[in-house]
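Me: Please work through a set of questions on the structure shown below, giving the reasoning before each answer.

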Amino acid sequence: MQILVSGASIAGPVLAYWLTRHGYSVTVVERAPALRKTGGHAVDLFRPAVDISEQMGVLPRIEKRATGTDRLALHREGARRPVRSDLSKIFGATSDRHVEVMRDDLSEIYYDATQDDVEYIFGDAITAITPDCEVRFDSAAPRRFDLVVGADGLHSGVRRLAFGDESRFSAGTGAYLGVTSLPKDFGRDGELLIHVGVGRTAGIYSARHLDDARALFLFRGDRELDCRHDAVPQQKALLRNAFGGMHSDVDRWLVELDRSPAFYFDSITQLRMDTWSRGRVTLVGDAGYCPGPAVGGSTTLAVVGAYVLAGELARAGGDHERAFPAYERAMAGHVRGSHAVALSAANTLIPRSRLGVSGLVQGARLISALPAGPARALLRLTTKSARHYNSMTVDDYGRPPSQGQMSSAVE
């Protein structure tokens, strides 16, 4: 069986890995000319995604590339001194297995685990899909596949071709996200520096293995902003308007926007679809059920979704009419929970009021003051993401080949 996957970021390579382990032939097409290795932001792998990565034999590489961020300096807008907190307490309470890693590092690790067994086509994109799965591309000659999977993110081209315009399924949260690369000396290895005010939060961090720092901007708009996701000059102007005058640190970051080698901006949008499958086409990860960039654990959800989709196809013997509904049933509860967690996290990370800002600061102060044991207990009681991701379980669809066989694919 020949399966085409669109997207080589996170869900695509993980899906390709498990499909090949179940005996399917996989081609991955990626619009970008190569793997994206600059820019991006840190993402969280919670327990189920860590477990799946361990089965893939890549967990040691992921842990080696962990950001190591264990300190928080939180500035409330207008306050003279920051509140400092131990992030290891927070991360330790959020999940019993957790790794924070840069998104571009994680993508590269998953790609390396599959490149010997999977056909990758970079610099191309799907332009048409017929009901019997004849696929046309921007550049390559048309080809026929048995199934097509869209793993191409929030603005999925496969979803548009199979289901229609994105506006039919997207639900904005009223919040926006910007990420940019800054000179290394702007940040400190192992420390997350955050400035928070009503409706806006800005932060910066770096890691030992990075040659730059990454700044993160989260803010709310009074109305829905009219800004295409590819209109970079307009996006930078929006950030300057939203964050100008917040603090001298933030002003310095904004000055660097036009000199940055990497920049990302988008609305924090959820995708809500009744079904992720149509005929021989299905969706995985952000393409089908994005809970919201930077706030909803979308990376863990993408890894789990890819694993489940491959497993259900194997369990059904490649019969998509059985596998796709089973995949959707298995993921439905996880997706609903992640959507709820994302909305809660957005309200916490981007406070709507001065009371919300004070609550965030006082929470950081309390966690810092408590001993590790009580701090973890408090966070487990109050953090929705901890309860959701720690309760997320998936079936065991079969183990990969022996560790010796896998090592050659990831070294």
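**Rings, sheet and cores**

Me: Is Phe217 buried or exposed?
Reply: The relative accessible area of Phe217 is 0%. Buried means under 20% relative accessible area, exposed over 50% and partly exposed in between, with a 1.4 Å probe and protein chains only. Phe217 is therefore buried.

Me: What pLDDT do side-chain atom pairs need in order to count?
Reply: Residues are numbered from 1 along each chain as its sequence is written, and side-chain values use heavy atoms, with hydrogens and water left out. The model is predicted, and while totals for chains, interfaces and linings use all residues, local features need pLDDT of at least 70 and side-chain atom pairs need pLDDT 80 or more.

Me: How many aromatic pairs are there?
Reply: Rings of Phe, Tyr and Trp (its six-membered ring) pair if their centres lie within 6.5 Å; planes under 30 degrees apart count as stacked, over 60 as edge-to-face and the rest as tilted. The count by this rule is 15.

Me: What kind of aromatic pair do Phe217 and Phe243 form?
Reply: Phe217 belongs to strand 15 (residues 212-220) and Phe243 to helix 7 (residues 232-243), 26 residues apart; helices (H or I, at least four residues) and strands (E, at least two) are DSSP runs numbered from the N terminus. Phe243 is also buried, at 0% relative accessibility. Their ring centres lie 5.1 Å apart with 65° between the planes, so the pair is, by the cut-offs, edge-to-face.

Me: Over which ring does the charged end of Arg252 sit?
Reply: A charge sits over a ring if NZ of Lys or CZ of Arg is within 6 Å of the ring centre and within 35 degrees of the ring normal. Lys236 lies over the face of Phe263 at 5.3 Å from the ring centre. For Arg252, the distance is 4.3 Å from the centre of the ring of Phe186.

Me: Which strands stand at the edges of the seven-stranded sheet?
Reply: Two strands pair if DSSP finds at least two bridges between them. The open sheet has mixed pairing and the order 5-4-13-14-15-12-16. One side of each edge strand is left without a neighbour in the sheet, because each has a single partner strand; these are strand 5 (83-86) and strand 16 (263-271).

Me: At about what angle does helix 7 run to strand 16?
Reply: Axes are lines fitted to C-alpha atoms, for helices over the stretch in contact, and angles run from 0 to 180 degrees between N-to-C directions; contact means heavy atoms within 4.5 Å. Helix 11 (residues 320-349) lies across strands 12, 14, 15 and 16, at about 130° to strand 16. Helix 7 lies across strands 12, 14, 15 and 16 as well, and its angle to strand 16 is about 85°.

Me: Which helix gives the largest share of the largest nonpolar core?
Reply: A nonpolar core is a set of buried Ala, Val, Leu, Ile, Met, Phe, Trp, Tyr and Cys residues joined through side-chain atoms within 4.5 Å. The largest has 77 residues, and Leu15, Ile62, Tyr110, Val284, Leu313 and Met331 touch the most other members. Its largest share, 10 residues, comes from helix 10 (residues 298-315).

Me: How many residues of helix 1 are buried?
Reply: Helix 1 spans residues 11-21 and is mostly covered. Its buried residues include Leu15, Tyr17 and Trp18. Of its 11 residues, the number buried is 10.
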